[in-house]
Number of protein chains: 2
Amino acid sequence: MTRATIKDIAIAAGVSEAAVSFALNDKPGVSADTRSRIRASAEALGWHPNVAARALSADKARAVGLVIARSPERVGSESFFLQLIAGIESALAKLSLALVLQIAPSVDDEMNTYRRWWSERRVDGVLLVDLRTDDPRPEMIAALRMPAVVIGDPGNSSIPGIAIDDTPAMNAIVAHLAEEGHRNIAHVCGPADLAHTRRRIDAFRSATSSLGITTIGSQSTDYSESSGVEATRQLLALPNRPTAIVFDNEILAVSGMSTIHAAGLSVPGDVAIVSWEDHVICTATVPQLTALRRDPFALGRRSAAALLDLLDGKPAHGVDEPTPGLTVRGSTRP
Amino acid sequence: MTRATIKDIAIAAGVSEAAVSFALNDKPGVSADTRSRIRASAEALGWHPNVAARALSADKARAVGLVIARSPERVGSESFFLQLIAGIESALAKLSLALVLQIAPSVDDEMNTYRRWWSERRVDGVLLVDLRTDDPRPEMIAALRMPAVVIGDPGNSSIPGIAIDDTPAMNAIVAHLAEEGHRNIAHVCGPADLAHTRRRIDAFRSATSSLGITTIGSQSTDYSESSGVEATRQLLALPNRPTAIVFDNEILAVSGMSTIHAAGLSVPGDVAIVSWEDHVICTATVPQLTALRRDPFALGRRSAAALLDLLDGKPAHGVDEPTPGLTVRGSTRP
C-alpha cells in the first residue's frame with residue numbers, strides 16, 4: 001500500500017524533502033516559484049493533506065455521525081431512513097464531509113458509540129434520531145459538549161433540534177375521515193417509548209375527542225410487518241370494530257390492508273386506511289392508499305444544514321418543519 | 001468543546017503529565033502500580049486513544065468506505081441498499097469499525113471520492129457496488145493499491161469480488177412461467193450499462209431461447225417508478241403483447257402492476273408478473289407478487305467480512321453468492 005509521499009513529490013519536483021515540507025505546510029524557506037512548482041507536482045501525484053494529521057492539528061474530523069438504534073433487519077424495510085440518509089448526504093457532500101453511520105442494537109450501545117466517536121475525534125458532531133420519551137442522550141451529549149442536532153425535537157431538550165409538530169397533520173387526517181362519515185377511528189402507532197409516537201398518540205386523542213369521535217385509542221407496534229398484522233387483527237376482532245384506521249408508516253399500512261382483505265373485508269367500504277408516509281408502495285395497492293406527504297430527504301438535508309451551521313460557529317437554533325399535506329386516494333374515498 | 005486531556009488525567013491520578021503520557025503510550029518510566037492507577041483514571045474520565053493520532057502512527061483509519069453512484073432521491077426508494085448497508089454495518093460493528101458513506105452523482109465523482117479518501121487516509125478499504133460493463137473503477141482502485149471488494153463481480157475484474165451468478169435464478173423464473181403456459185415473455189431491466197443488468201439480459205435471452213419462448217427482449221429503465229410505468233405501457237401496446245413480464249426490482253414490479261390494472265387488464269389473467277426482489281410490498285398488492293428471495297442484508301454482511309479478511313492480510317478470494325429461490329404467489333399462479 002503506497003501513497004504519494006513527501007519523497008515522491010520531492011523527486012518529481014526536483015527539490016529536497018525539506019523544501020516540499022515547507023511548501024506544503026505554508027512555511028517560509030522556499031521561493032514563491034519553487035513553492036508553486038512543488039504544489040503542482042503534489043497535485044499531479046494526487047497528494048492531499050493527510051486528514052489524520054490535519055485532524056490532529058485542527059482538531060477536526062471532517063465527518064458527521066449518525067447512529068440509528070434499531071435492529072439492522074428492521075431499519076432496512078422502511079423507506080424513511082434511507083431517504084433521510086440520502087438527504088443528509090446531499091448537504092454534506094457539498095463540503096466533502098463524510099457521514100459516519102452506525103446501526104446500534106440499543107440506546108446504550110448508541111451512547112457508547114457517541115463516547116467513542118467523540119473521544120477518538122472521529123466526528124465533529126452528530127445528528128440524533130428517534131428521541132425517547134425519557135431520553136438520556138441529549139443530557140449526555142450536552143455533557144460531552146459534542147455539537148449535535150436532534151431530528152424531531154419535542155422542544156424541551158438541552159440541544160438544538162428540528163421541531164416536528166405532528167398535531168396539525170393528525171388533525172387533518174382525522175378531519176378528513178370525519179368528513180367521509182367515520183365515527184369510530186383507531187390508530188396503529190410505533191413503539192410507545194419514542195417521543196414522536198407519544199406526540200402522535202396525544203394528537204390523535206385530542207383530534208378525535210374534539211370532533212366527538214369514538215376511538216379505542218392507539219395500538220403500539222414495533223413498526224414490523226408482523227406487528228402491523230397483529231394490531232389490525234385485534235382491531236377487527238373488536239365488537240365495536242373501527243371503520244377507519246390511521247397507520248404510522250407505510251409498512252404498517254400495507255400490512256393492515258392485507259389483513260383487512262384476508263379477513264374478507266373491503267377497503268374503504270368496511271375499513272378506511274391512512275398511511276403516515278407516502279411511498280411508491282402506497283400507489284401500488286388496490287385501492288391506492290391515502291397518505292401523508294412527508295419529505296424525509298428534505299428533512300435530512302435541513303437537519304445536516306442545521307448541524308453544519310452549529311459547527312460553523314453560527315448560533316444554535318431549532319428549525320420548524322413544515323406541516324405535511326394529505327394525499328387523498330381510494331383507501332379513504334370510494 | 002473539551003475532551004478528557006492528558007492534563008485532566010494527570011490531575012485525577014495525582015501524577016505528572018509526563019507520567020500519564022508514559023503510561024498511556026506503553027512506554028517505560030512509570031511503575032506498574034502507577035501505570036494501572038493512571039489507566040483507571042483515564043478510563044473513568046472516558047479517555048480513549050485519539051484515533052487521529054493512532055491513524056497517523058499505525059496508518060489505519062479504522063473505517064471502511066461505500067460510495068453509491070446514483071441520485072440520492074433514487075437510492076431512497078429501493079429497499080436493496082438500506083438492507084445492504086445494514087448488513088455491512090452488522091459485520092463492521094463487531095470490530096467497532098465505522099462505515100463512511102457517500103452518495104455520488106456520477107462514477108467520476110465516485111472515483112474522486114476514492115482518491116480523496118485514500119490520500120487523506122480516511123478509509124482502510126472500500127466496497128464497490130453497481131459495477132459497469134466497462135468500468136474504470138477496478139483498474140483505478142488496483143492502481144491506488146487500495147484494498148477493495150466488488151459486490152457482484154463478473155469474475156474478470158482486477159480486484160476480488162462477491163460473485164453473483166444471475167443465470168440459475170433467471171432460468172428458474174423463465175421455467176416457472178413456461179410451466180404456467182406462457183409462450184411470450186418480456187423483461188423490464190435496470191440501466192443497460194450496469195454489469196448485472198447485462199448479465200440478466202444475457203441470461204433472459206438464453207433461458208427463453210432454450211425453451212423456445214417468444215420474447216421482445218429486455219427493456220431498460222433507470223429503476224424509477226415512472227420508467228417502470230413507461231416500459232410496461234410500451235409492452236402493453238405491442239401487437240404481440242407479452243403474457244408475462246419479469247421486473248428487475250420491486251419498485252418496477254409494482255409500477256408495472258399498477259399500469260396493467262390501469263389499462264383494464266388483469267394480473268395474472270392477462271399478464272403475469274415476477275419481481276426480482278422480495279419485500280413487504282410484494283405481499284401488499286392484490287394479487288401478491290411472485291418474487292425472487294434474495295437477502296441483501298446477508299450479502300452486505302458477507303461482503304464486509306470479505307473486505308475485513310483482506311484488511312487482515314488474509315488471501316484475497318472471491319465468494320460465490322447462493323442462488324436465490326423463487327416464492328410463487330398469485331401474480332403468476334391464479
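**View 1. Surroundings of A:Val126 in the predicted model.** A:Val126 belongs to strand E3 (residues 125-128) of chain A. Leaving aside neighbours within four places in sequence, A:Val126 is in contact with A:Gly65, A:Tyr114, A:Trp117, A:Ile141, A:Met146, A:Pro147, A:Ala148, A:Val149 and A:Leu307. The relative accessible area of A:Val126 is 0%, so the residue counts as buried. From A:Val126 to A:Glu250 the distance is 27 Å in space, C-alpha to C-alpha, and 124 residues in sequence.

**View 2. The open sheet of 12 strands.** The order of the strands is E11(A)-E5(A)-E4(A)-E3(A)-E1(A)-E2(A)-E2(B)-E1(B)-E3(B)-E4(B)-E5(B)-E11(B), and the pairing is mixed. Strand E11 (319-320) of chain A and strand E11 (319-320) of chain B are the edge strands, each pairing on one side only. Within chain A, strand E1 (residues 63-68) and strand E2 (residues 98-103) run parallel and are joined by 6 bridges. In one of these strands, E2(A), A:Ile103 is the bridge partner of A:Ile68.

**View 3. Helix H7 of chain B against strands.** Helix H7 (residues 107-119) of chain B lies across three elements of that chain: strand E1 (63-68), strand E2 (98-103) and strand E3 (125-128). The helix runs at about 165 degrees to E1(B).

**View 4. Helix H9 of chain B and what covers it.** Helix H9 of chain B takes in residues 167-179, 13 residues in total. From the first C-alpha to the last, the helix reaches 18 Å, close to the 18 Å expected at 1.5 Å a residue. Its buried residues are B:Ala169, B:Met170, B:Ile173, B:Val174, B:His176, B:Leu177 and B:Ala178. The elements of chain B that cover these buried residues include helix H10 (195-210) and the strands E6 (185-189), E8 (244-247), E9 (272-275), E10 (290-293) and E12 (325-327). After H9(B) comes B:Gly181, which has a positive phi, near 100 degrees.

**View 5. A salt bridge within helix H10 of chain A.** A:Arg205 and A:Asp202 form a salt bridge, and their closest N and O atoms are 3.8 Å apart. The two residues are 3 residues apart in helix H10 (residues 195-210) of chain A, and therefore about one helical turn separates them. An α-helix has 3.6 residues a turn, so residues three or four places apart point the same way. A:Arg205 is exposed, with a relative accessible area of 51%, whereas A:Asp202 is partly exposed at 38%.

**View 6. A salt bridge between distant parts of chain A.** A:Arg302 and A:Glu321 form a salt bridge in which the closest N and O atoms are 2.6 Å apart. A:Arg302 is in helix H14 (residues 296-311) of chain A, while A:Glu321 is in the loop between E11 and strand E12 (325-327) of chain A, and the two are 19 residues apart. A:Arg302 is partly exposed, with a relative accessible area of 29%. A:Glu321 has a relative accessible area of 17% and is buried, because buried means under 20%.

**View 7. A salt bridge in helix H11 of chain B.** The side chains of B:Arg233 and B:Glu230 meet in a salt bridge with an N to O distance of 4.0 Å. Both residues are in helix H11 (residues 225-236) of chain B, 3 residues apart, or about one helical turn. B:Glu230 is partly exposed, with a relative accessible area of 38%. Elsewhere, salt bridges that share partners join A:Glu110, A:Asp135 and A:Arg137 into one network. Over all chains, the count comes to 26 salt bridges.

Key:
Residues are numbered from 1 along each chain as its sequence is written. Chains are lettered from A and ligands numbered from 1 in the order in which they are written. This is a predicted model: local features need pLDDT of at least 70, side-chain atom pairs count only at pLDDT 80 or more; totals for chains, interfaces and linings use all residues. Side-chain values use heavy atoms; hydrogens and water are left out. Helices (H or I, at least four residues) and strands (E, at least two) are DSSP runs, numbered from the N terminus. The expected span of a helix is 1.5 Å times one less than its number of residues. Buried means under 20% relative accessible area, exposed over 50%, partly exposed in between (1.4 Å probe, protein chains only). Contact means heavy atoms within 4.5 Å. Two strands pair if DSSP finds at least two bridges between them. Axes are lines fitted to C-alpha atoms, for helices over the stretch in contact, and angles run from 0 to 180 degrees between N-to-C directions.
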